[in-house]
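Subject: Structure for you to look at

Dear colleague,

I am passing on the structure we spoke about, and below it you will find my notes on what turned up when I went through it. Please read them with the model open beside you.

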Amino acid sequence: MTLPSHAQIVVIGGGIIGCSTAYHLARDHKADVLLLEQGALTSGSTWHAAGLVGQLRSSASITRVLKYSVELYKGLEAETGLATGWKMTGCLRLATNKDRWTEFKRLATTAGSFGMDMHLVSPEEVKRMWPLMNVDDLVGASWLPTDGQASPSDITQSLAKGARMHGAKIVENVRVIGFEMKDGRILKVKTTQGDIACEKVVNCAGQWARQIGDMAGINVPLQAVKHQYIITEKIEGLSTDAPTIRDPDRRTYYKEEVGGLVMGGYEPNPQPWLTGDLPNDWAFRLFDDDFDHFEQHMVQAIERVPALENVGVKQMINGPESFTPDGNFILGAAPECKNMFVGAGFNAFGIASGGGAGWVLAQWVVDGEAPLDLWVVDIRRFASMHRDRQWVCDRTLEAYGKHYTIAFPHEEYESGRPRLVSPLYDRLKASGAVFGSKLGWERPNWFAPSGMEPRDVYSMGRQNWFDPVGLEHRHVREAVGVFDQSSFAKYELKGPDALKALDWICANDVSKPVGRLTYTQLLNSRGGIEADLTVARIEDETFYIVTGTGFRTHDFGWIADHIPDGLNCTLADVTENWGTLSLMGPKARDVLAGVTAADVSNAAFPFGHVRQIPIAGATVRALRVTYVGELGWELHVPIAAIGEVYDALIAAGKAYGIRPIGYRALESLRLEKGYRAWSSDITPNDTPFDAGLGWAVKLRKNTDFLGRRALETTAGQPLKKRLLGFTVDDPSIVLAGRETILRNGETVGYLTSGGYGYTLGKNIGYGYVRNAEGITDAYLTSGTYELVVAAEKTPATLHFGPLFDPAMDKIKA
């Protein structure tokens with residue numbers, strides 16, 4: 001087929017993701033699509049994928065994406081006439097110890113929360129379903145009947161045929177060699193057979209996605225890793241509809257194939273391919289068999305399925321798969337280029353994700369915004385450190401090695417640390433800080449009291465930091481603490497039209513005088529919450545914007561993308577110029593008054609205001625705001641001066657018992673106050689009204705803003721879901737999020753966040769209660785509530801307002 005000179009959308013890569021994206025662009029959006037493949041369809045990593053299809057992930061949206069894949073694969077053959085090899089065999093996951101069993105009980109609860117039926121079964125049950133298995137060491141297993149397996153090449157060919165049927169063009173044996181660009185936008189795709197003018201480009205180049213991205217100046221942080229599996233000869237007594245098996249404690253997986261077994265695994269010592277560019281001529285190629293490296297899986301597999309000892313190996317597959325630094329795939333609009341979208345880095349579950357990822361990516365490409373909350377896979381979760389290929393490789397290998405390890409709550413990665421540290425790092429370390437990392441920044445999670453080793457000990461129950469964090473929490477409620485929050489993302493929007501831009505982008509009213517600050521959400525066109533941040537008006541034409549550490553690339557990109565054309569203002573990221581010390585607690589004013597000549601009385605410096613004040617020779621931006629529900633200030637200090645300012649606060653605070661406080665206490669303090677956290681309690685799937693944040697929306701003002709129309713269409717109608725608080729009295733229970741909410745025994749939602757409220761002495765959770773007929777106060781108060789925690793029901797109490805309320809006048813006094 002000759003190459004057209006123009007296409008509306010060019011999709012690069014003919015693996016399962018590219019073909020699925022092209023199919024959905026053509027089928028759902030009638031787009032003019034051209035798919036380019038450098039070799040033949042499936043020739044990258046699709047053709048040698050094992051083809052297991054699981055659906056449950058820890059994110060509701062990603063689970064929905066995977067469930068969609070299954071629905072698509074079931075019906076695709078009827079549409080295209082090409083079989084997909086889809087078999088709904090179900091999947092057994094095996095548990096051999098108590099912690100794994102707890103993990104499965106929590107997973108079964110998550111499955112129920114997301115509308116899926118996962119059963120917990122006994123070893124005897126497993127033996128009945130899979131007679132060739134040795135079950136002596138099992139505690140039990142989880143059984144998800146709707147999981148299955150499929151043939152990767154067949155699905156891809158079927159999707160490609162479907163794409164062509166809906167008008168897409170597919171050209172093989174043509175390689176992309178560069179882009180013609182102007183002002184951060186791709187005008188033409190340059191190929192080995194000529195140039196193609198286009199409006200948008202979708203980079204689905206698999207392991208080559210990083211190289212393709214590089215050509216357009218964008219970063220796709222993935223690493224090719226060698227992944228091996230074997231296909232055995234026929235095994236006597238193996239049923240053709242045997243369930244797929246995941247045996248995580250032995251790091252292995254199995255599926256039936258033509259009477260034999262496919263068996264592979266995820267070793268703790270994986271082998272990367274190249275950190276540099278990959279060769280282009282790698283179509284349908286594999287590495288040499290590496291039995292020495294694979295032997296660790298073979299040993300485990302023979303113990304689990306003794307029949308493997310005497311069966312021949314028909315073929316060994318050793319091929320590269322692309323993995324990412326956090327084990328989640330990469331989707332969305334590249335922050336560095338206005339019209340390149342990415343779908344890559346599928347961590348060996350590209351077949352399970354393919355159908356659904358193509359569906360949401362197509363919608364994203366057409367609308368310019370994600371159709372649901374896809375934050376965990378959004379390319380904008382990365383930052384500049386992800387351009388360091390060695391760092392990406394090290395972290396990716398660590399994530400690969402953890403593929404089958406038990407996922408303990410609050411577990412931290414170890415590799416590539418410390419990457420970014422605040423100037424206070426050594427001081428905090430000397431105070432017993434135990435650090436976690438967020439987007440490269442080392443942040444103190446908690447402080448070990450003297451005599452206790454400063455490290456996390458992971459467990460499924462209460463972890464070793466539980467009591468020390470309780471002391472930190474109490475200290476902030478009763479005296480005063482200081483938090484190093486220098487990792488906050490910080491931007492400045494300047495210019496004559498800065499206010500006009502923010503008036504359009506922000507849901508709340510930011511048109512306040514200089515010296516005032518505004519807590520606001522940024523909404524998408526559906527009225528869903530894309531960001532949650534603080535805007536301080538520092539000067540007439542200068543706004544200082546502060547948001548969460550992990551959202552640095554995402555929120556900057558959202559603001560930059562939505563500044564209306566023709567407005568005269570510039571957005572700058574100033575994160576590293578300012579350190580942040582949050583001084584919080586009833587004694588905060590006493591400490592602050594001791595270090596500054598400025599008047600910090602309530603009359604001179606009320607809540608919701610920002611002032612420039614002198615401390616220890618530095619000019620500090622002081623924001624009177626709180627995320628803990630106590631009197632306090634966020635002190636934004638020029639980064640070079642943060643050490644002196646910290647020391648001054650500690651010295652002045654001695655009389656009041658000041659001490660440093662970590663992020664774990666911050667979390668328990670905010671849970672008691674009911675402050676929302678973006679990416680868990682509030683997401684692009686939720687509106688401010690659903691989340692109880694309607695008071696922060698300027699609908700009464702006659703100004704148009706992004707998301708206003710969507711909110712107006714539902715205004716006045718009863719809400720279909722509402723974010724509410726729950727407490728659980730039983731101290732032995734641990735809430736981690738995703739627990740099912742039952743009202744009068746019926747599922748009505750699940751928790752978006754969970755933790756412990758030390759002031760209350762109770763477990764706290766927040767979650768949306770849903771009811772299609774509408775949620776009224778009467779509906780809520782007339783129910784009896786329980787939570788399902790690790791597959792067990794426990795009584796819960798529903799709360800409307802903050803669970804702990806030291807009267808707002810105390811915070812604002």
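To begin with the side chains that meet aromatic rings, Arg 624 lies over the face of Trp 633, at 5.5 Å from the ring centre. Please keep in mind throughout that this is a predicted model. A second case of this kind involves Lys 226, whose charged end sits over the ring of Phe 287, 4.7 Å from the centre of that ring.

Aromatic rings also meet one another, and a search of the whole structure finds 28 aromatic pairs. One of them is formed by Tyr 627 and Tyr 675, which are stacked, with 5.9 Å from centre to centre and 15° between the planes. Tyr 627 lies in the loop between β30 (618-623) and β31 (632-638), while Tyr 675 lies in the loop between α16 and α17 (708-714), so the pair ties together parts that are 48 residues apart in sequence. Tyr 627 itself is partly exposed, its relative accessible area being 32%. Elsewhere, Tyr 253, Tyr 266, Phe 323, Tyr 400 and Tyr 404 form one aromatic cluster.

Turning to the strands, you will find a closed barrel of 6 of them, which runs β33-β36-β35-β34-β37-β38 with antiparallel pairing. From one strand to the next, the twist averages 40°. Within this barrel, strand β33 (residues 721-728) and strand β36 (residues 762-770) run antiparallel and are joined by 8 bridges, and Leu 724 stands opposite Gly 767 in β36. Helix α16 (residues 663-673) packs on the sheet, where it touches β35 (746-757) and β36, and the direction of the helix makes about 130° with that of β35.

The last residue I would point you to is Glu 412, which is placed in the loop between α9 (389-401) and α10 (425-430). Is Glu 412 buried or exposed? Its relative accessibility is 14%, and because buried means under 20%, Glu 412 counts as buried. Leaving aside residues up to four places away in sequence, Glu 412 touches Lys 402, Arg 417, Gly 436, Ser 437, Asn 445 and Tyr 458. Two of these neighbours deserve a closer look: the side chain of Glu 412 reaches the backbone nitrogen of Ser 437 at 3.0 Å, and a polar contact of 3.2 Å joins the side chains of Glu 412 and Asn 445.

With best wishes

Methods:
Residues are numbered from 1 along each chain as its sequence is written. This is a predicted model: local features need pLDDT of at least 70, side-chain atom pairs count only at pLDDT 80 or more; totals for chains, interfaces and linings use all residues. Side-chain values use heavy atoms; hydrogens and water are left out. Helices (H or I, at least four residues) and strands (E, at least two) are DSSP runs, numbered from the N terminus. Buried means under 20% relative accessible area, exposed over 50%, partly exposed in between (1.4 Å probe, protein chains only). Contact means heavy atoms within 4.5 Å. A polar contact is a pair of N or O atoms within 3.5 Å; within protein, one must be able to donate a hydrogen and the other to accept it, and residues adjacent in sequence count only if both atoms are side-chain atoms. Two strands pair if DSSP finds at least two bridges between them. Axes are lines fitted to C-alpha atoms, for helices over the stretch in contact, and angles run from 0 to 180 degrees between N-to-C directions. Rings of Phe, Tyr and Trp (its six-membered ring) pair if their centres lie within 6.5 Å; planes under 30 degrees apart count as stacked, over 60 as edge-to-face and the rest as tilted. A charge sits over a ring if NZ of Lys or CZ of Arg is within 6 Å of the ring centre and within 35 degrees of the ring normal.
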